[in-house]
Amino acid sequence: MRARTLTSSRSITVIDYRCNAAPGDPSFVELHDSYSLSFVRSGSFGYRTRGRAHELVAGSVLVGRAGDEFECSHDHHAGGDECLSFQFSIEQVELLGRGQAVFCSGGLPPLPELMVLGELAQAAVDGRSGLGVDEVGFLFAERFATLASGRVRRPQSVDSRGRRRAVDAALWLSAHGHEAIALEDIAARMDLSPFHFLRLFSAVLGVSPHQYLVRTRLRHAARLLAEEDRPITDIAYEVGFGDLSNFVRTFHRAAGVSPRAFRLAARGKRKILQERIARST
């Protein structure tokens with residue numbers, strides 16, 4: 001595991017984690033020493049805490065609660081993973097208005113409202129945004145606190161082979177999301193019926209295959225909007241949306257602002273996202 005601290009203050013520390021663990025490597029019980037939200041940028045891994053098991057893929061969020069034990073595993077994917085972790089002081093957690101309770105979920109599935117902010121944070125890390133990564137971290141935490149209620153999932157009884165199939169499918173969708181993909185196609189790749197595949201994927205990852213596909217496209221679009229000046233129409237088609245108006249509507253539902261406004265926010269127009277977050281809390 002490689003860890004690089006990107007910024008640190010009394011309220012927030014942002015760390016870039018990169019892990020190259022593979023199936024068969026031993027896992028260890030560790031302890032969260034802070035309250036953290038870690039956005040999974042790529043890869044996948046298993047995460048067990050508070051008696052719950054989560055399979056985290058690109059776009060998921062690992063939720064860490066100070067004092068909790070946890071264990072990470074890489075049974076289903078050999079490519080490692082990368083996370084952007086926002087770690088908060090207890091004072092900052094209390095300021096969220098919902099206290100420590102929202103950090104008990106352990107993990108959240110890929111949610112569009114958090115995925116677009118995660119990509120914006122990565123653009124800030126790479127120096128391709130006018131926002132600071134700590135600023136986006138606070139916005140991420142505020143949005144998380146609003147969404148976390150009611151998102152705790154009961155553990156699902158799925159064997160290791162089923163979990164591996166679901167993770168493999170998510171990785172394939174992330175890599176091929178720009179293509180036209182039907183449920184039957186991806187189910188056939190996993191050697192499952194569409195009905196069985198739909199139930200399995202949803203049970204393991206907390207979202208349906210179609211939801212994950214659309215959210216993968218939104219995540220890629222958010223990255224391109226933050227980093228490039230190409231026409232929005234070109235970006236919509238490149239990430240897999242076949243219709244510009246559908247892309248604009250879908251992106252607006254996720255980010256709360258239009259693609260154009262999101263691009264302006266990435267260039268440093270802070271009030272655009274701050275006002276959006278304020279309206280949703």
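Which residues does Gln 122 touch, not counting residues up to four places away in sequence? The legends below start there. This is a predicted model in which local features need pLDDT of at least 70 and side-chain atom pairs count only at pLDDT 80 or more, while totals for chains, interfaces and linings use all residues. Residues are numbered from 1 along each chain as its sequence is written, and side-chain values use heavy atoms, with hydrogens and water left out.

**View 1. Gln 122 sits in helix H2 and is buried.**
Helix H2 covers residues 112-125. (Helices, H or I with at least four residues, and strands, E with at least two, are DSSP runs numbered from the N terminus.) Here is the reply to the opening question: Gln 122 touches Arg 41 and Leu 84, where contact means heavy atoms within 4.5 Å. The relative accessible area of Gln 122 is 12%. That makes Gln 122 buried, because buried means under 20% relative accessible area, exposed means over 50%, and partly exposed is in between (1.4 Å probe, protein chains only). Now look for Val 136: from Gln 122 to Val 136 you count 14 residues in sequence, and their C-alpha atoms are 9.3 Å apart in space.

**View 2. Ala 141 is a buried residue of helix H3.**
Helix H3 takes in residues 133-148. Ala 141 has a relative accessible area of just 2%. Skip its neighbours within four places in sequence, and Ala 141 is in contact with Leu 37, Phe 88 and Leu 96. Ala 222 is 81 residues away along the chain from Ala 141, and 18 Å separates their C-alpha atoms.

**View 3. Strand E6 is covered on both faces.**
E6 is made of residues 61-64. Val 61 and Val 63 lie on one side, Leu 62 and Gly 64 on the other, and all are buried. What does E6 pair with? Strand E4 (residues 35-49) runs antiparallel to E6, with four bridges joining them. (Two strands pair if DSSP finds at least two bridges between them.) One bridge to spot is the one between Ser 36 and Gly 64 of E6. E6 also pairs in the antiparallel sense with strand E9 (residues 107-108), over two bridges. There, Leu 62 has Gly 107 of E9 as its bridge partner.

**View 4. Strand E1 is hardly covered.**
How many of the seven residues of E1 (residues 2-8) are buried? The count is zero. E1 forms a hairpin with E2, with three residues between them. E2 covers residues 12-19, and the two strands pair in the antiparallel sense over six bridges. Try finding Arg 2, whose bridge partner in E2 is Arg 18.

**View 5. Helix H8 has its buried residues on the same side.**
In H8 (residues 232-239), the buried residues are Ile 235, Ala 236 and Val 239. They cover an arc of only 100 degrees around the axis, which puts them on the same side of H8. (The arc is that of the directions from the helix axis to the C-beta atoms.) An α-helix has 3.6 residues a turn, so residues three or four places apart point the same way. The buried residues of H8 pack against helix H7 (209-227), helix H9 (244-255) and helix H10 (259-266). Gly 240 follows H8, and its phi is positive, near 120 degrees.

**View 6. Helices H7 and H9 are roughly perpendicular to each other.**
Their axes come within 11 Å and cross at roughly 90 degrees. (Axes are lines fitted to C-alpha atoms, for helices over the stretch in contact, and angles run from 0 to 180 degrees between N-to-C directions. Angles under 35 degrees count as roughly parallel, over 145 as roughly antiparallel, 65 to 115 as roughly perpendicular and the rest as oblique.) H7 brings Val 214, Leu 218, Ala 221, Ala 222 and Leu 225 to the contact, and H9 brings Phe 247, Thr 250, Phe 251 and Ala 254. These residues divide into eight nonpolar, one polar and no charged. (Ala, Val, Leu, Ile, Met, Phe, Trp, Tyr, Cys and Pro count as nonpolar, Asp, Glu, Lys and Arg as charged, and the others, Gly among them, as polar.)

**View 7. Arg 50 and Asp 191 have positive phi values.**
Arg 50 has phi near 50 degrees, a positive value in a residue other than glycine. Arg 50 lies in the loop between E4 and strand E5 (52-57) and is partly exposed, at 43% relative accessible area. For Asp 191, phi is near 60 degrees. Asp 191 belongs to the loop between helix H5 (183-189) and helix H6 (194-205), and counts as exposed at 63% relative accessibility.
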